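Let's take a walk through this one together. Have a look at the model first, and then we'll go from single rings to the whole chain.

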Amino acid sequence: MVKRYWLTAALTVSAGLVGAFQVEAKEPETPVSWKKTVIEGKFRAEGVAIADVNKDGKPDVLIGDSWYEAPAWTKHDIRKPGEFGDGLRSYSECMTCWTDDINGDGWADQIVVGFPGKAAYWYENPKGKPGYWPRHEISPSACNETPLYTDLFKDGHRVLVMGTQPMGKEKEGQMAWFTPGSDPTQLWEKHAVSEPSRPDKEIPGTQRYSHGLGVGDLNGDGRQDVICTAGWWEQPESGRPATTAWAFHPASLGDAVADMIAYDVNHDGKADVINSSAHRYGIAWFEQGAKKEGSPVFTKHDLFPDLVSETHALIAVDINGDGLKDLVTGKRFWSHGRSEPGSDKPAHLYWFEAKRGADGLTSFTPREIDDQSGIGTQFVVEDFNADGLLDIVTANKKGVFLFEQARAAK
C-alpha cells in the first residue's frame, strides 16, 4: 500500500528538555502488508475476542452476542443479539470481550463487559449443543471504560482488573481484581487494589465512565502495577495473596485516555507511560523523571497530536519482529456520534513502527493499515492464522474485521 506521506514522532534533546516533533516526507519502505477480511459489515460490538469455539482446529471470532465460525464466518448467537443501527446514536452491549476456559472443561468460554457500570458476565460454552450459552454473573458492577483481563501477577493466570461500585452508589467505587472462586458460576472473588471510596475521598479510575487504565511495572521491581490517570497502585511484594489495598502514588498521567502502556520510551531504564486519547486527538507519552515527595514526576510529550482522533484502545506489541514493541491503534468511529473532534474523519487503523536511535530514543512511524474500519473500545493482536506473524481483529461501528499480516521478501 503506497501512501503519500508519513509522520514520525521523534524525540530530541535540547536545552535539557525531551520533546517530540513531526516531519513530512516520502514513506520509507516496510515489508509489512495486510490482507483485510470483512467478517460482517454491520455494527455488532466494540469489543472482540478469538478462540477455537467448536474445537475444529480453526480460530473463531467472538463479539459478545455471537461468534463467527471460521473459515466461512457463519454467525452463531451466544445470546439474543441486539440491533444497534449504524451507531450514530447507539451503543452495543459488548464494550470489552475476552475468552478463557473459565470452568476448566477444556472449552473456550466468553467474558463480556456490556456497558460501563453494568454487570460483567461470562458465558459458558455449551460444547456444541444448540441454543444460547448459559450466562453467569461475575460482578454486578464493572466500571472504567478500559477494564482489563490480564496476567496481573505474571503467573500464567489472567484476572479481571476494573473499578466496581456498590449498587446505586456511583461515588463509592473501588479498584479491584477479580478471579473465579471454587464455583465459577457464582460471583467472582473481589480483591482490593485500592481502598473503597469515602464521602471525602473518591478513588480515581473507579467511576462508571472513568477513562484510562493500565497494568505494567512502573517502579522496576518486576511486579505489575495498576495505572490510572491520577497515578498508580504499587503491587505489594506478596502479590496475589495480599489482603490489603496497594500503596498509591499520585501522578498526572492524562485526561480522558484509554489503555495506559508502560514503555521505556527514552531507554533510561525507567518505564514511561504511553496513552491514546479516547475522545479527542492525540497520542502522548509521559516521561518518568526524578522522585518528588517519594513519587516520580511524569512529564507529558506529544507524539501525534493531530493524526487521528478517538483512539479508544491501544496495544503495544512487536508487529514486525525486530524486538521493539510497536503501537497499534486507530479511530473508534462515532464514539459519541458527531460530537467529538474529527468524528466524521475516515476510520483509520494504524500500526506505529518503533525504531531506537543510537542515543536510545525511540521514534514511531505511523503505517496506515486501513481507513474504513478503525478500532472499537477493545481489540485483539495475535497470530490468528498460525503463520508466525501477528494479525489484528477489530469490532466497531463499521463492522467486524480481520487483518492478516504478510511480509514481502527483503
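Which residues form one aromatic cluster with Phe115? They are Tyr91 and Tyr209. Keep in mind that you're looking at a predicted model.

That cluster is a good way into the ring contacts, as the structure holds 14 aromatic pairs. Take phenylalanine 304 and phenylalanine 352: their ring centres sit 5.1 Å apart, and with 45° between the planes the pair counts as tilted. This pair ties together distant parts of the chain, with phenylalanine 304 in strand β25 (residues 295-309) and phenylalanine 352 in strand β29 (residues 349-356), 48 residues apart. Both phenylalanine 304 and phenylalanine 352 are buried.

Phenylalanine 352 also pairs with tyrosine 350, again tilted, at 5.6 Å centre to centre and 40° between the planes. Tyrosine 350 counts as buried because its relative accessible area is 5%, under the 20% cut-off. For phenylalanine 352 the value is 0%, so that residue is buried too.

Now zoom out. The protein chain has 33 strands and 0 helices. Among contacts with a separation of 6 or more, 51% come from residues 24 or more positions apart.

What about overall shape? The C-alpha trace spans about 65 × 50 × 40 Å along its principal axes. A compact globule of 410 residues would have a radius of gyration near 22 Å, so the 21 Å of the protein chain agrees with that. Of those 410 residues, 56% count as buried.

On the outside, the protein chain exposes about 17,400 Å², with 50% of it supplied by carbon and sulfur atoms. As for charge, there are 44 positive and 60 negative side chains, and the centres of the two sets lie 4 Å apart.

Definitions and conventions:
Residues are numbered from 1 along each chain as its sequence is written. This is a predicted model: local features need pLDDT of at least 70, side-chain atom pairs count only at pLDDT 80 or more; totals for chains, interfaces and linings use all residues. Side-chain values use heavy atoms; hydrogens and water are left out. Helices (H or I, at least four residues) and strands (E, at least two) are DSSP runs, numbered from the N terminus. The radius of gyration is taken over C-alpha atoms; the globule rule is 2.2 Å times the number of residues to the power 0.38. Buried means under 20% relative accessible area, exposed over 50%, partly exposed in between (1.4 Å probe, protein chains only). Contact means heavy atoms within 4.5 Å. Accessible areas come from the Shrake-Rupley method with a 1.4 Å probe; for residues, only the protein chains shown count as cover. Lys and Arg count as positive and Asp and Glu as negative; His and the chain ends are not counted. The place of a charge is taken as NZ of Lys, CZ of Arg, CG of Asp or CD of Glu. Rings of Phe, Tyr and Trp (its six-membered ring) pair if their centres lie within 6.5 Å; planes under 30 degrees apart count as stacked, over 60 as edge-to-face and the rest as tilted.
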